[in-house]
Amino acid sequence: MFGDKNKEPTEIFLDNEKIDLDSLPILSRKQLSKFNGTDDAKLYVAIKGYVYDVTANTKSYGPGKAYNKLVGKDVGRLLGLNKLQLKEEDGRLPDTWDLSDLTEKQLKIVDDWIVFFKMRYPIVALIQENSN
């Protein structure tokens with residue numbers, strides 16, 4: 001369902017809504033990490049297992065740009081916490097995709113980001129569940 005009642009769905013959003021998810025390639029998180037603008041020219045960002053191609057916005061997501069830290073990752077946790085990177089907890093970095101301890105408000109923020117990405121960027125793949 002379209003989230004913002006004040007905005008018309010974009011063509012990209014409508015295309016994303018029509019995608020046969022079973023036809024999309026499935027990437028591991030390790031494979032996703034290659035789509036960072038350096039190892040591969042394409043720039044991919046994943047949220048809650050859906051991979052968005054943000055390559056058309058290299059001015060924001062390209063190497064050395066403000067949001068490049070989000071590229072090549074499943075970033076739901078980062079978006080829910082409003083961070084570009086996580087700090088170490090108990091001697092290790094938390095998983096950027098782990099939403100298990102986010103509050104309802106933070107989960108709503110993640111869902112809002114999904115609508116934002118779905119409006120602007122094509123979904124090109126899915127993330128393999130339980131992949132690292």
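**Aromatic rings and helix packing in a predicted model**

Phe117 has a relative accessibility of 1% and therefore counts as buried; the model discussed here is a predicted one.

Q: Which kind of pair, by the angle of their planes, do the rings of Phe116 and Phe117 form?
A: The ring centres of Phe116 and Phe117 are 5.7 Å apart, and the planes of the two rings stand at 70°. Planes over 60 degrees apart count as edge-to-face. The pair of Phe116 and Phe117 is therefore edge-to-face.

Q: Is Trp113 buried, partly exposed or exposed?
A: Trp113 lies in helix α5 together with Phe117, four residues apart, which is about one turn of the helix. Buried means under 20% relative accessible area and exposed means over 50%. With a relative accessibility of 30%, Trp113 therefore counts as partly exposed.

Q: Which residues form one aromatic cluster with Trp113, Phe116 and Phe117?
A: A search of the whole structure finds nine aromatic pairs. In one of these, the rings of Trp113 and Phe117 have centres 6.2 Å apart and planes at 55°, so that this pair is tilted. The cluster that holds Trp113, Phe116 and Phe117 also takes in Tyr52, Tyr61, Tyr67 and Tyr121.

Q: Are helices α1 and α5 roughly parallel, roughly antiparallel, roughly perpendicular or oblique to each other?
A: Helix α1 covers residues 11-18 and helix α5 covers residues 104-120, and where they pack their axes are 6 Å apart, at an angle of about 105°. Angles of 65 to 115 degrees count as roughly perpendicular. Helices α1 and α5 are therefore roughly perpendicular.

Q: How many residues of the contact of α1 with α5 are charged?
A: On the side of α1 the contact is made by Ile12, Phe13, Asn16 and Glu17, and on the side of α5 by Lys118, Met119 and Arg120. Asp, Glu, Lys and Arg count as charged. The residues of this contact divide into three nonpolar and one polar, while the number of charged ones is three.

Q: Which residues, leaving aside its neighbours within four places in sequence, is Gly37 in contact with?
A: Gly37 is placed in the loop between α2 (29-32) and β2 (44-47), and at 24% relative accessibility it counts as partly exposed. Gly37 and Val110 are 73 residues apart in sequence, and their C-alpha atoms are 24 Å apart in space. Once the neighbours within four places in sequence are left aside, the residues in contact with Gly37 are Lys42, Leu43 and Pro63.

Definitions and conventions:
Residues numbered from 1 in each chain as written. Predicted model: local features only at pLDDT ≥ 70, side-chain atom pairs only at ≥ 80, totals over all residues. Heavy atoms only, no water. Axes fitted to C-alpha atoms, helices over the stretch in contact; angles between N-to-C directions. Helix = DSSP H or I, 4+ residues; strand = E, 2+ residues; numbered from the N terminus. Parallel < 35°, antiparallel > 145°, perpendicular 65-115°, else oblique. Contact = heavy atoms within 4.5 Å. Phe/Tyr/Trp six-rings, centres within 6.5 Å; stacked < 30°, edge-to-face > 60°. Buried < 20%, exposed > 50% of the residue type's maximum accessible area, 1.4 Å probe, protein only.
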